[in-house]
Each structure stands twice: as C-alpha cells, then as structure tokens.
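Work through these exercises with the model open beside you. Try each task before reading its solution.

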Amino acid sequence: MQFSEILLNKLKHANKVAVLTGAGISSESGVPTFRDPGGIWEKFKPEELANFDAFIRNPDFVWSWYQHRREIMRNVKPNQGHYALAEMEKLFNEFNLITQNIDNLHCRAGSREITELHGNIERNYCIKCNTFADEINIIQNKVLKCEKCGGLVRPDVVWFGEMLPVKELQHAEHSAANCDVFFTIGTSAEVYPAAMLPLIAKRNGAYVVEINVKPTAITFEINESITGKSGIILNQLVKCITEIKLLNSN
Ligand code: APR
C-alpha cells in the first residue's frame, strides 16, 4: 500500500500525534456501527435507549440492552486496526488516542494513552451516590441496585443530551490543538463535540488525515483522505512508520 510523500514526511518529523476513532475501527471486529446500513440506530431508537429519561422510565429495558451490547463486546476481539494504534503509540514522543467508542477494544489491544469521550460500557455507577459498581460478571437483565445505597446502577456511557466528561474533552481539545498530525478514523464526524476535534487540529496547523471507507461530513475540510478499511490501512501505515524511524536512527 502506498502512502503520500507528504504524509510520510509529516510523520517522519512529527513529535505529537493525536487520533480520533469512531465505531468504524471496531466494525472489522464484528461490532456494528451506528449509522451504516444495518447499524445500531437502524434497529434501535436512541431516544428509547441511549438517554437518561428512557433509563428512568424503563431501567430494566435499558439495562438489558446494555447487557446485550456488553455480551457482544465480550465475544469480539480487537482487530489489526486497534493493535496498530497500540503499536503507533510507541513510535512518537507524544501520542493521544481519543475514542468515541465505549467497547473497551483499544484498551484490550494494549493502547495506554486513551481518552474516552463517550465512556466505557465495562464501567457502571449508581445514579444516587455515584459509587462505581464492581466488574459486572453477573449477566443479568434486571437493572442492578447499588450495594451501598440501593440506587439504580447505570452504564458509565454518555447518553444523548448529556455533557461529555469535562476532563476528557479538555484533554482531547488540547491534544488536537497541539499536535503535528491528527488522524480521524472510522467516524462519520456527525456527532459533536467530537467531530470538532479534526477541525481544531487543522485550524492549529496540524496535518489532518481521514481514514474511512467513504467520505464523511468533514472530508472536504481536512488535508488528506485515505479510503479503505482502517485495519488494513493502519497495519500498513505502522509498518511504514517503523521503517522510516529505523532508517532515521541509522
Ligand atoms: N474502516 C474505516 N471506516 C469504517 C469502517 C472500516 N472498516 N467501517 C465503517 N466505517 C466508517 C463508516 O463509513 C462511518 O463513517 O465508520 C463510520 C461510522 O460512523 P457512525 O456509525 O456514525 O459511528 P461514529 O462516528 O462512531 O458515531 C459517533 O454517535 O451515536 C453516537 O455515541 C455514538 O460514539 C457514537 C457517536
């Protein structure tokens, strides 16, 4: 696979790299995306599932849906795209992986510097006392009650209408505004504020590259688009960067 001279040159001299990933990077692991044909929002109504009012209205139903998604995540594995990003992290002085995904696959692939903008489906907390519930090994479809106060336990994911975690968003914005190269990978760039990050990076002088199987809402605003499956592209790209680094060091 050929990469552009400009991208390879930018990566050769890059000190700080930031990456934003979306559901597309996990699609090759068998995790459905949200807005592609057959995606999650085609089958389920987000307003009935992925928001606080829906949870209060019908906690067992919302809880069981997240249990169902947890089951899917536990039965899939990270793919070569996740592993490539875990490798890429070691190749730059500063590398920030910002993800919209709640599937925990970047962590399972070995990435360490992860900023989770939309939470993590493996974490759950009580809506009354905010105590985090232990690892949910009990696969149950009835909503969990907090052991400390008896309150309802919810997934630690950002629901529609909720604010993103402040610290994570600030860290993501800072990484985007101060990097040399920014990759936006497997995201439709339709959900804000995450979709702002590539534009913040571009505005602050970073070389912004999109990796996606098709154009997105921000394709026309960034520097370069690599069309194809993220797993294959990232696997090839990391091999290229490693060779460049090796040549550089001799
Ligand atoms: N490689 C690269 N890109 C891919 C691949 C692949 N193998 N498969 C799909 N894609 C791309 C699609 O073309 C699409 O642009 O991944 C993107 C998935 O877009 P969405 O389904 O909208 O997912 P995402 O962008 O992560 O959604 C953002 O919306 O509903 C909320 O909280 C949810 O975090 C999610 C947010």
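**Exercise 1: A cis peptide bond**

Pro193 sits in the loop between β7 (181–185) and α10 (197–203). This is a predicted model. Task: find which peptide bond, with omega near 5°, is cis.

Solution. Go to the loop between β7 and α10, the place of Pro193. Step back to Tyr192. The peptide bond from Tyr192 to Pro193 is cis, and its omega is near 5°.

**Exercise 2: Positive phi outside glycine**

Task: locate Asn104 and state its phi.

Solution. Start at the loop between β2 (94–99) and α8 (105–108), where Asn104 lies. Then read the backbone angle. Phi of Asn104 is positive, about 65°, although the residue is not a glycine.

Task: do the same for Asn130.

Solution. The loop is the one between β4 (119–126) and β5 (132–133); it holds Asn130. Asn130 has phi near 60°, a positive value in a residue other than glycine.

**Exercise 3: Helix α7 against helix α11**

Task: describe how α7 and α11 are arranged.

Solution. Two quantities describe a pair of packed helices: the angle between their axes and the distance between the axes.

- Step one: take α7 (residues 80–88) and α11 (residues 230–249); their axes come within 7 Å.
- Step two: the axes cross at roughly 25°. Angles under 35 degrees count as roughly parallel, and α7 and α11 are therefore roughly parallel to each other.
- Step three: the crossing of α7 past α11 is left-handed.
- Step four: list the contacts. On the α7 side are Gln80, Gly81, Ala84, Leu85, Glu87 and Met88. They meet α11 residues including Ser230, Gly231, Ile232 and Leu234.
- Step five: sort the residues of this contact by class. There are 8 nonpolar, 5 polar and 1 charged.

**Exercise 4: Helix α1 against helix α11**

Task: repeat the analysis for α1 and α11.

Solution.

- Step one: the axes of α1 (residues 5–13) and α11 come within 10 Å.
- Step two: these axes cross at roughly 55°. The helices α1 and α11 are therefore oblique to each other.
- Step three: α1 passes α11 in a right-handed crossing.
- Step four: from α1, Leu7, Leu8, Leu11 and Lys12 take part. Their partners in α11 are Leu237, Cys240, Ile241, Ile244, Lys245 and Asn248.
- Step five: the classes in the contact of α1 with α11 are 7 nonpolar, 1 polar and 2 charged.

**Exercise 5: Around the ligand**

Task: how many residues surround the ligand, and which are the closest?

Solution. The ligand is surrounded by 23 residues. The closest are Glu28, Arg35, Thr187, Ser188 and Asn212.

Task: give the atom distances to the ligand for His118, Gly186 and Ser230.

Solution.

- His118: a polar side-chain atom lies 2.9 Å from a ligand oxygen atom.
- Gly186: a backbone N or O atom is 3.2 Å from an oxygen atom of the ligand.
- Ser230: a backbone N or O atom is 3.0 Å from a nitrogen atom of the ligand. Ser230 also belongs to the α11 side of the contact with α7.

Conventions. Residues numbered from 1 in each chain as written. Predicted model: local features only at pLDDT ≥ 70, side-chain atom pairs only at ≥ 80, totals over all residues. Heavy atoms only, no water. Axes fitted to C-alpha atoms, helices over the stretch in contact; angles between N-to-C directions. Helix = DSSP H or I, 4+ residues; strand = E, 2+ residues; numbered from the N terminus. Parallel < 35°, antiparallel > 145°, perpendicular 65-115°, else oblique. Left-handed = near helix turned anticlockwise from the far one by under 90°. Contact = heavy atoms within 4.5 Å. Nonpolar A, V, L, I, M, F, W, Y, C, P; charged D, E, K, R; others polar. Near = heavy atom within 4 Å. Polar contact = N/O pair within 3.5 Å; in protein donor to acceptor, adjacent residues only side chain to side chain.
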